[in-house]
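Q: Could you take me through one part of this model at close range, starting with a hairpin and the strands around it? I'd like to see how the pieces sit together before I go back to the bench.

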Amino acid sequence: MAEETQQPAEVTLTIDGETVTVPREMNLIQAAAKAGIEIPSFCFHHRLSVAGNCRICLVEIEKMPKNQIACSTRVAPGMVVKTRSEKAVKGRQGVMEFLLINHPLDCPICDKAGECILQSHSFHYGTGQSRFEGEKVHGDKQVDLGPHIVFDAERCIKCTRCIRFCDEVTHTHELGFFNRGDHSIIGTFPGRRLDNAYSGCTSDICPVGALTVKEFRFKQRVWFLKNTASICSGCARGCNVYLGIHQNRIWRIMPRESEAVNKSWICDEGRLSYERYQIAERLADARSGPMVGTAAGTARPLMPRAAWEEAAATLGEVARKHGGASIAAITSGHATLEEQAALAELMRTLGGTRTALPVHERGEDDGLLIRKDKTMNSRGALLIGGVNARLDEIVAAAAKGEIRALIVLREDPIGEGGEEAGAALGTLDLLLTLDWRVTPTVRASDLALPVCAYGELDGSAMNFEGRLQLLRPGLLPHGESDPAWRPLYEMVARLGGEPAPQSFRDAFRRSASRPGPLFGLDTPAVGTAGLDLANAKEP
Ligand code: SF4
Ligand code: SF4
Ligand code: FES
């Protein structure tokens with residue numbers, strides 16, 4: 001029997017004189033990148049199949065008579081590749097000139113300008129000149145492809161990334177190529193719209209400004225945006241994102257590469273989730289802080305310290321008069337781990353016995369990214385928040401007078417529970433709410449403390465798979481808003497507990513000081529990539 005030949009997992013080749021050893025399934029673009037050498041590309045995308053149609057990745061390979069495209073050439077042992085030889089450089093210059101023949105060169109009014117691969121490759125790999133003297137082929141500059149995407153036919157370089165995305169990632173197949181030659185154009189099939197749940201990703205991967213997101217189009221120049229690496233708060237996936245911020249406002253959310261969580265994608269709902277923070281009525285306007293007496297219609301602002309005093313004193317009094325069991329809490333999957341841990345510690349300090357976690361589910365898990373659990377941190381709440389009751393049990397106990405004080409963190413039991421919940425919670429001695437927006441529960445509260453909204457606070461959250469990740473702030477806190485852990489730990493301190501932490505890192509370490517999978521962790525260990533704690537052992 002013939003002896004089986006085992007292929008080595010890695011191969012060694014030479015690129016621009018550098019010896020590189022890489023996995024044998026890599027192409028030349030990926031191998032060169034490992035050696036710190038850029039081979040330009042338009043149609044190649046590491047998450048999509050290879051199309052090999054833009055030709056900008058031409059390189060010279062020894063023993064081959066013509067330039068080859070690097071994206072569809074696999075590495076081979078002993079291969080000698082030249083990316084800067086005269087032949088390779090001239091080949092790429094020709095491709096650049098060809099790609100720009102019909103391009104409108106309207107960078108000054110193009111949203112992609114500043115992050116456009118065509119612009120950047122033209123600068124680095126083109127000649128800066130065109131010999132074309134005829135009339136360019138013109139196209140429609142504003143084709144409405146779907147609810148979020150507009151297509152500019154003149155800017156399209158026919159790379160097919162968008163088509164492959166809809167075929168290979170979402171499997172929705174809305175897009176195709178129509179016509180031939182320099183009149184070829186992408187578009188939706190008859191009767192179809194580009195309306196899959198991830199349509200915004202086509203704009204991210206379009207190497208030019210041909211596909212733009214309606215909600216961001218013409219709103220900001222990208223070079224003004226400061227990109228903060230954070231996570232999406234839209235569902236339990238916790239996709240890694242960049243918040244594009246300018247003048248204390250989020251203008252867009254873009255995917256951040258994460259092999260473990262969301263690869264290169266985010267859903268449209270998450271992409272546009274910043275809008276809900278901009279339209280909601282905030283609890284604290286720029287002048288006012290915590291509100292007291294909102295239930296009685298006698299709302300008056302308090303200084304934060306006075307509010308913490310008042311809250312701690314009232315809670316202490318209820319606990320003394322009626323016992324700890326008369327105090328309940330509603331924690332939230334929208335809250336960070338530090339906030340959930342602070343509420344749990346306050347409950348332990350008061351001897352409170354019931355904590356509920358409302359469920360926010362909508363739709364179904366879609367098998368790609370979207371989760372039906374629309375909170376970012378329910379798993380964290382179950383791990384650290386002391387959850388031991390259902391929301392309806394707490395409402396029923398309040399209606400019977402068994403509960404006299406309720407602390408509500410980033411939830412709206414009255415808005416969601418209707419009249420019955422409103423009537424039950426209206427009888428409490430103290431309804432204390434911590435929220436960023438004005439809700440029916442805030443309106444019914446005896447004391448409402450403003451807390452930071454998404455984008456305004458540091459925090460950690462655990463996604464549904466048990467991955468611990470960090471949220472980062474790029475916005476200033478609104479008015480007197482704080483991360484909720486601050487007022488909660490201040491109340492703990494006023495009730496005789498440990499002093500409140502003064503920084504996010506201290507608050508994180510305090511959450512990690514109790515036995516459990518977080519035990520002994522610190523924020524640098526989590527980093528921007530997150531930490532898989534799904535199988536972490538209890539110490
Ligand atoms: S619209 Fe963009 S992604 Fe789609 S083929 Fe044209 S250039 Fe490529
Ligand atoms: S899948 Fe979930 S976490 Fe990811 S972008 Fe969408 S809403 Fe956000
Ligand atoms: S990147 Fe190789 S042909 Fe387009």
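A: Let's begin at the turn: the hairpin of E1 and E2 has 2 residues between the strands, and Asp-16 there takes a positive phi near 50°. Bear in mind as you look that this is a predicted model.

On either side of that turn, E1 (residues 10–15) and E2 (residues 18–23) pair in the antiparallel sense, over 6 bridges. One position to find on screen is Val-11, which stands opposite Val-22 in E2.

Now follow the side chains along E1, because they alternate: Val-11, Leu-13 and Ile-15 point to one face and are buried, being under 20% relative accessible area. Glu-10, Thr-12 and Thr-14 point to the other face and are not buried. As a general background, nonpolar side chains in soluble globular proteins tend to be buried together.

E1 has a second partner as well. Strand E5 (residues 80–82) runs parallel to E1, and 2 bridges join them. Here Ile-15, from the buried face of E1, has Val-81 in E5 as its bridge partner.

If you'd like to compare Asp-16 with other backbone spots, there are positive phi values elsewhere in residues that are not glycine. Thr-160 has a phi near 70°, and Thr-160 lies in the loop between strand E7 (149–151) and helix H4 (161–168). With a relative accessible area of 12%, Thr-160 is buried, because that value is under 20%. Thr-160 is also among the closest of the 14 residues surrounding ligand 1, together with Cys-156, Cys-159, Cys-162 and Cys-206. By class, that shell has 11 nonpolar, 1 polar and 2 charged residues.

Lys-263 is another such spot, with a positive phi of about 50°. You'll find Lys-263 in the loop between strand E13 (249–255) and helix H6 (268–271). At 33% relative accessibility, Lys-263 counts as partly exposed.

Finally, for the nonpolar interior, look at the largest core, which has 126 residues; Leu-28, Leu-315 and Ile-407 touch the most other members. Leaving aside neighbours within four places in sequence, Ile-407 is in contact with residues including Leu-315, Ala-328, Ile-330, Leu-343, Met-347, Leu-432 and Leu-488. Apart from this core lies another, of 17 residues, with Ala-397, Ala-398, Leu-406 and Ile-414 among them.

How values were computed. Residues numbered from 1 in each chain as written. Chains lettered and ligands numbered in written order. Predicted model: local features only at pLDDT ≥ 70, side-chain atom pairs only at ≥ 80, totals over all residues. Heavy atoms only, no water. Core = buried A, V, L, I, M, F, W, Y, C linked by side-chain atoms within 4.5 Å. Buried < 20%, exposed > 50% of the residue type's maximum accessible area, 1.4 Å probe, protein only. Contact = heavy atoms within 4.5 Å. Near = heavy atom within 4 Å. Nonpolar A, V, L, I, M, F, W, Y, C, P; charged D, E, K, R; others polar. Helix = DSSP H or I, 4+ residues; strand = E, 2+ residues; numbered from the N terminus. Pairing = 2+ DSSP bridges.
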